[in-house]
Amino acid sequence: MREQVVSYFSPIKEGVIVDATFGGGGHTAALLDHLDLAVQVLGIDRDPAAIRRAPDRDRLRLVEDNFCRLDRILDDQGLDWIAGILFDLGVSSHQLDESGRGFSFRREGPLDMRMGSDTDRTAYQIVNDTQPDELTHILSSFGEERFSRRIARSIVANRPIETTVRLADVVTEAIPAATRRKGGHPARRTFQAIRLAVNEELSDLSAGLEAGLGFLRKGGICVAISYHSLEDRIVKRRFRLGEGRAPGPILPEPPPVELKDLVGKVKRPDADEVQQNPRARSARLRAVEKVK
């Protein structure tokens, strides 16, 4: 959704835009190529491989860190405010394609799934050391997996599980045959859940989103692209709260308006983009402007 991202940031004529999930650098390159020369980009990624791959470019600064520490990062960069911030959430294509990282259920690899060196716990530890009830909770809460208890029992019964493909096979065998034939790969939700637990992605998103909105100047833009409902729910609730709309139960009084919705109905990639990049199929884009 690169063109849409550029279009939302195009009103910005100067200042720093934070790419909080630098990844392969595609969004950053598009912003630097299409926005005014007075616009700079601060790229952040917790994955040292992403920082190493990045080319040298004018108007680009790079930081290896987790965007949940955005307050400290911006302070260290001497920034009191930012003109915009982009969150392109989830696992990157580079991470999925590197079998040694353990993110893909289709590629043989170790059970790792760490996005960066700031995380000690691996997928192997969750799969092989977690108590059955906690494992069921992880699969249900982070994967929204309706067969979480069956899958957790199967994982425990087959321990130790050493590789991604073996885990995918164990999960597949635990799911009823009729269900396996629809809705994508049977292990997709389990791998998502374990990855989110390893990297604490949802709590990090809440912290990073709050910090980013806090540093936005008036007129600044925040764009968030999520790839599953758990991420999108966090973004949607925070944006709606900033727009003065109670996101859940009615509040005693309306929250103050600090944000303006720029999207209306959530944006999704068109058919051409999905054909070129099937991984974009589940993307959901939301964008707001800071008005106060």
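The side chains of R101 and D47 meet in a salt bridge, with 3.0 Å between N and O. R101 belongs to the loop between α5 (93-97) and α6 (123-129), while D47 belongs to the loop between β2 (39-45) and α3 (48-53), so the pair ties together parts that are 54 residues apart in sequence. The model in which this contact appears is a predicted one. Both partners are covered: R101 is buried, with a relative accessible area of 15%, and D47 is likewise buried, at 3% relative accessibility. These values count as buried because the cut-off for that class is under 20% relative accessible area.

R101 has a further salt bridge, formed with E98, in which the closest N and O atoms are 3.5 Å apart. E98 is partly exposed, its relative accessible area being 30%.

The structure holds 21 salt bridges. Another of them joins R245 and E243, whose closest N and O atoms are 2.6 Å apart. Here R245 is partly exposed, with a relative accessible area of 40%, whereas E243 counts as buried at 15% relative accessibility. Salt bridges also link several residues into a network, which consists of R46, D65, R69, R72, D76, D118 and D204.

From these side-chain contacts the description turns to the strands. Seven strands form an open sheet with mixed pairing, and their order across the sheet is β3-β2-β1-β4-β5-β7-β6. At the edges stand β3 (60-64) and β6 (259-261); each has a single partner strand, so one side of each is left without a neighbour in the sheet. On average, neighbouring strands of this sheet are turned by 20° against each other, direction ignored.

The pairing can be followed from the edge strand β3. β2 and β3 pair in the parallel sense over five bridges, and the bridge partner of L42 in β3 is R61. Further along the order, strand β4 (residues 82-88) pairs with β5 in the parallel sense, over six bridges. Within this pairing, the bridge partner of F87 in β5 is A224.

On the other side, β5 pairs with strand β7 (residues 284-290) in the antiparallel sense, again over six bridges. A224 takes part here as well, since its bridge partner in β7 is R286. A224 can thus be traced to F87 in one pairing and to R286 in another. Strand β5 itself (residues 216-226) is mostly covered, as eight of its 11 residues are buried.

A last feature is the empty space beside the protein atoms. Rolling a probe the size of a water molecule over the atoms shows where such space is left. The second largest pocket has a volume of about 240 Å³. Of the 14 residues that line this pocket, those closest to its centre are E145, T179, K182, G183 and R189. Two helical elements give two or more residues to the lining, namely α10 (177-180) and α11 (188-199). By character, the lining of the second largest pocket divides into three nonpolar, four polar and seven charged residues.

Note on methods:
Residues are numbered from 1 along each chain as its sequence is written. This is a predicted model: local features need pLDDT of at least 70, side-chain atom pairs count only at pLDDT 80 or more; totals for chains, interfaces and linings use all residues. Side-chain values use heavy atoms; hydrogens and water are left out. Buried means under 20% relative accessible area, exposed over 50%, partly exposed in between (1.4 Å probe, protein chains only). Helices (H or I, at least four residues) and strands (E, at least two) are DSSP runs, numbered from the N terminus. Two strands pair if DSSP finds at least two bridges between them. A salt bridge is a side-chain nitrogen of Lys or Arg within 4 Å of a carboxyl oxygen of Asp or Glu. On a 1 Å grid over the protein atoms alone, a cavity is a set of points where a 1.4 Å probe fits but cannot get out, and a pocket is an open set with protein on both sides within 12 Å along at least five of seven lines; lining residues have an atom within 4 Å of a point. Grid points are joined across faces, edges and corners, and a volume is the space filled by probe spheres set on the points. Ala, Val, Leu, Ile, Met, Phe, Trp, Tyr, Cys and Pro count as nonpolar, Asp, Glu, Lys and Arg as charged, and the others, Gly among them, as polar. Axes are lines fitted to C-alpha atoms, for helices over the stretch in contact, and angles run from 0 to 180 degrees between N-to-C directions.
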